[in-house]
Amino acid sequence: MTFAFQECINPACKSTFDVGQVLTSCPNCGSLLDISYDWNRLPVPSSMSFFQERWNNRLNPLDYSGVWRFRDLLPFADDDQIVTIGEGQTLLQKNDRLGALCGMKAGSLYLQYEGLNPSGSFKDNGMTAASTHARMVGATMTACASTGNTSASLAIYAGVTGLFRCIVFVGSGKIAYGKLSQALDYGAKTIQIRGDFDDALARVREICEKHPIYLCNSVNPFRLEGQKSIIYRVLEGLGWQVPDWIIVPGGNLGNSSAFGKALMELSALGLIDRIPRLAIINAAGASTLDSLVNDEELVWNRGVTNSTLIGQYYSEMDQSGRRALTLASAIEINRPVNLEKALRALDVCGGVVRSVSDQEIIDSRAMIAANGFGCEPASGATIAGLRMLREQGVISSGDRVACILTGHQLKDPDLTVAYHSNNPELHAKKLHPSGVFSTPFANAPIVVDNEEAAILQAIGIV
Ligand code: F0G
């Protein structure tokens, strides 16, 4: 397999490296790396519907996987090297009831449920690809920093395949219990550092550089190759029609970056005839991208990004002691490592960035759950973002919109129960510190004596 290579995204550098190397940044200039392909020497299908046929052959694990069914679009590994645990069996649901609540016309809103992956989040799309590369280079130990889902995903791949040991770094007190319980259950060595995700990621990068440990965060360009498949499945769910908008929560900006690359490639290969617009939604308490793009007017600028501006932003953030803070703990990130790639995605897709408050996030999460399959708080940011963009007139009622619901509803049950409860102490502890003072979609349990009359009264059949 020689038609794939690693390539620096900095146009002034563009250094290339073999796929057999383990790199998370360009050794020459420090920029992020892409996996690039010599498409002219690869068999590229003439249309996306080619991939539909693969499903007929689903007894082959590679054709069953919702990532590797599309392997011709991420051809960096030989088939016998691919590590798959059946990821990517996700679903695109049209949801008119929720659409109406967002001011959308019938047939316009679609929800892409990535929580249906084996570890309950979109991360498995990327982890299957990172695990494949880890196997290609003979790694025996892997690691990641995580707000929870990456660690759950890495741990499940290590646990199911037995190919490598895994170490996960999490910030103390910053991880939802559903996710922490997965890492522990799947047997990951779990290091809880005193600090937040940004600290944990900086530390694990340093450790992986000094020791033979394979890093599985989204600075790993192979991981993002797997995450491109989310876009392929959205298109598949729409009968290969391109939506008008894709809305995604923004944390470390791996998904946004992968989506931009997927769409850029599909367009260049002639497999789609137009590129949808991308909306990246930050939590207001972790809104680096929103601030840099909308306040500081940072742009991709053909790869010549204003690094002085970015440096100044981070040093002001450090000097004022500002840390990321949001109930959507998955996206509680202030130093998104894929910033430059996300700027490229915004450029390619005519994208927009918004940030939404915790009140908007958790109300939207509850609205999704009451009208759909449910998701975790970070994913609620998509519907909060859609409502905002509708109000601003950026998205029209008839636009076809796909919201990526990145994580399963059961990832963070504590917060869900607090929202639905009418216990003022629980509200004061869990919600008020984040500025959440109302719970309009609450569905509180009714406490009654274990007695028929009281129960019937509570049910409303008296
Ligand atoms: N949604 C969920 C449920 C997540 O877990 C994450 C990231 C995001 C959105 C943001 O995605 O980083 O690609 O912009 N979670 C990481 C983790 C950081 O460690 O699990 P992104």
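A residue counts as near the ligand here if one of its heavy atoms lies within 4 Å of it. With that in hand, welcome to a few close-ups of this predicted model.

**View 1. The ligand and its shell.** In this view, 21 residues surround the ligand. Thr147, Asn149, Gly251, Asn252 and Thr406 are the closest of them. Sorted by class, the shell holds 12 polar, 7 nonpolar and 2 charged residues. Two helices to look for are H4 (149–161) and H9 (254–268), each of which supplies at least two residues of the shell.

**View 2. Backbone atoms beside the ligand's oxygen atoms.** Start at Thr147, where a backbone N or O atom lies 2.7 Å from an oxygen atom of the ligand. Moving on to Gly251, a polar backbone atom is 2.7 Å from an oxygen atom of the ligand. At Asn255, the distance between a backbone N or O atom and an oxygen atom of the ligand is 2.8 Å. On its own the ligand has 470 Å² of accessible area, and the protein covers 99% of that.

**View 3. The space that the ligand takes.** Here the surroundings are shown as a cavity: the space taken by the ligand is the largest one.

**View 4. An open sheet of 4 strands.** The strands follow the order E8-E7-E6-E9, with parallel pairing. At the edges are strand E8 (189–193) and strand E9 (214–215), each pairing on one side only.

**View 5. Strands E6 and E7 up close.** Strand E6 (residues 141–146) and strand E7 (residues 165–171) run parallel and are joined by 6 bridges. For a handy landmark, find Met141, which stands opposite Arg165 in E7.

How values were computed:
Residues are numbered from 1 along each chain as its sequence is written. This is a predicted model: local features need pLDDT of at least 70, side-chain atom pairs count only at pLDDT 80 or more; totals for chains, interfaces and linings use all residues. Side-chain values use heavy atoms; hydrogens and water are left out. A polar contact is a pair of N or O atoms within 3.5 Å; within protein, one must be able to donate a hydrogen and the other to accept it, and residues adjacent in sequence count only if both atoms are side-chain atoms. Accessible areas come from the Shrake-Rupley method with a 1.4 Å probe; for residues, only the protein chains shown count as cover. On a 1 Å grid over the protein atoms alone, a cavity is a set of points where a 1.4 Å probe fits but cannot get out, and a pocket is an open set with protein on both sides within 12 Å along at least five of seven lines; lining residues have an atom within 4 Å of a point. A molecule sits in a cavity or pocket if more than half of its atoms lie within 2 Å of its grid points. Ala, Val, Leu, Ile, Met, Phe, Trp, Tyr, Cys and Pro count as nonpolar, Asp, Glu, Lys and Arg as charged, and the others, Gly among them, as polar. Two strands pair if DSSP finds at least two bridges between them.
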